[in-house]
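Please open the model in a viewer and keep the sequence panel visible. The tour proceeds by selection, one stop after another.

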Amino acid sequence: MMRIGIEAQRLFRPHKHGMDRVALELIKNLQTIDKDNDYFIFVKPDQDKSAISNTSNFTIVEISGGPYPLWEQYKLPKFAKAYNCDILHCTSNTAPLLANISLVTTLHDIIYMEESLIKLFKSSASLYQKFGNLYRRIIVNGVVKKSKRLITVSNYEKENITSFFKLRNKNIQSIYNGVSQQFTAKIDSTHLANVKARYELPEHYLLHIANKDPRKNTKRVLMAFKDFLNKTNADYKLVMLGCKDTDLKTILGEKVDSSLFKHLILPSYVSDGDLPVFYSQAELFLFPSLREGFGIPIIEAMACGVPVITSNTSSMSEVAGEAAHLIDPYKTEEISNGIIKIISNANYRNELIQKGLKHYKQYSWLTMAKQVLETYKQLYQEEKN
């Protein structure tokens, strides 16, 4: 029987993001498939205690205090040792360098290693994002060397990591992310009506998950949307999740077009429970990112029956396959032309929807958890022998 520690430091925070959600789905699905081994989930105290619960062989361990580097480098290995863990799985790109334990690390991507420090600190990303990326840059080389197993989320990223770190005979594998159940379940009509009313969702809108991080390409999305409006004179709104009024100046710089504001809806953070409504009611989903390790929103949107425009770069074409409209994310006109084609051509729009509804089924959190569990077993046997 194995004793497995899983780092899930941010699992209790109320506003979860990509890596937090991946860790949560991993743990929930491991609870379903593994009743034999003992698990210790190391989290930092926060508001959302309902995110995950103890079961007969899963123990939630709250480790309080300190900034993330201190928590991860000092407190986490101390608790992993106290709970006599055979394996420690760190789920969010970094890991304790001095832990005397068999280490599994998930490297979702190495985008933070690919930009110069000058470019990193001149970007419009938040200060929190900048210092997080700096911390990763400092320690990730050591993490790669220390880890007995590396997991990443796409074949593109596996090749990228292998090449960047010049890995030789290193145990690295790609394990795809999945689609959470709330995106595949039928939406209750009362919940649908409540969400539409609460956020004042219009009849016709395009959806984009916005960000001040330049790689999310929000500036070109805004320019493409304006081009779409100018060319068609259509009565559409652009719903931008994760974006506040104050972010628009940062994103657009001096090119702030106040006439565009009346066409924008900025709900900021939307809970996972409400997100399927935003997807399902959209005319299309815009995800023309410059760089992704995977791109979970692509398959979430497909599962909700929404046509997707995404990039032909990095992992996105791998994840989307032939079920999305692929564009060059650096070419604003390609984005706007894609919008026009999907909006004006009902047959093409329906074709993308049907392809997406079939395609997303390739991605399963349960399959992901089974593959991760197999990784634990293989490592445990190697260390034992």
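The stops below cover a sheet, a pair of helices, some aromatic rings and two buried side chains.

The model is predicted: local features require pLDDT of at least 70, side-chain atom pairs count only at pLDDT 80 or more, and totals for chains, interfaces and linings use all residues. Residues are numbered from 1 along each chain as its sequence is written, and side-chain values use heavy atoms, with hydrogens and water left out.

**The sheet**

Begin by selecting the strands of the open sheet, 7 in number, which follow the order β3-β2-β1-β4-β5-β6-β7 with parallel pairing. Strands here are DSSP runs (E, at least two residues), as are helices (H or I, at least four residues), and both are numbered from the N terminus. Two strands count as paired if DSSP finds at least two bridges between them. Because β3 (58-62) and β7 (172-174) each have a single partner strand, they form the edges, and one side of each is left without a neighbour in the sheet. On average, neighbouring strands are turned by 20 degrees against each other, direction ignored.

Next, select β6 (residues 149-152), which runs parallel to β7 and is joined to β7 by 3 bridges. In this region Thr152 stands opposite Ser174 of β7.

Then add helix α2 (residues 68-82), which lies across β1 (3-7), β2 (38-43), β3 and β4 (87-90). Its direction makes an angle of about 155 degrees with β2; axes are lines fitted to C-alpha atoms, for helices over the stretch in contact, and angles run from 0 to 180 degrees between N-to-C directions.

**Two crossing helices**

Move to helices α14 (residues 332-344) and α15 (residues 346-359), whose axes come within 5 Å and cross at roughly 100 degrees. That makes α14 roughly perpendicular to α15 (the class for angles of 65 to 115 degrees). To display the contact (heavy atoms within 4.5 Å), select Lys341, Ile342 and Ser344 of α14 together with Ala346, Tyr348, Arg349 and Leu352 of α15.

**Aromatic rings**

The structure holds 15 aromatic pairs, a pair being rings of Phe, Tyr or Trp (its six-membered ring) with centres within 6.5 Å; planes under 30 degrees apart count as stacked, over 60 as edge-to-face and the rest as tilted. Select Phe164 and Phe165: their ring centres are 5.0 Å apart and their planes stand at 75 degrees, so the pair is edge-to-face. Phe164 is partly exposed at 34% relative accessibility, whereas Phe165 is buried at 14% (buried means under 20% relative accessible area, exposed over 50%, partly exposed in between, with a 1.4 Å probe and protein chains only).

Phe183 and Tyr279 form another edge-to-face pair, 5.8 Å centre to centre with 70 degrees between the planes. Phe183 lies in the loop between β7 and α7 (189-198), and Tyr279 lies in helix α11 (residues 275-280), 96 residues apart. Phe183 is buried at 2%, and Tyr279 is buried at 1%. Add Phe285 and Phe287 to display the cluster that ring pairs form with Phe183 and Tyr279.

**Two buried side chains**

Which residues surround Val221, leaving aside its neighbours within four places in sequence? Select His208, Leu238, Leu286 and Pro288, which are in contact with Val221. Val221 belongs to helix α8 (residues 218-232) and is buried at 1% relative accessibility.

Finish at Leu286 in strand β11 (residues 284-287), buried at 0%. Beyond its neighbours within four places in sequence, its contacts include Leu206, Ile309, Ile335 and Ile339.

How values were computed
Angles under 35 degrees count as roughly parallel, over 145 as roughly antiparallel, 65 to 115 as roughly perpendicular and the rest as oblique.
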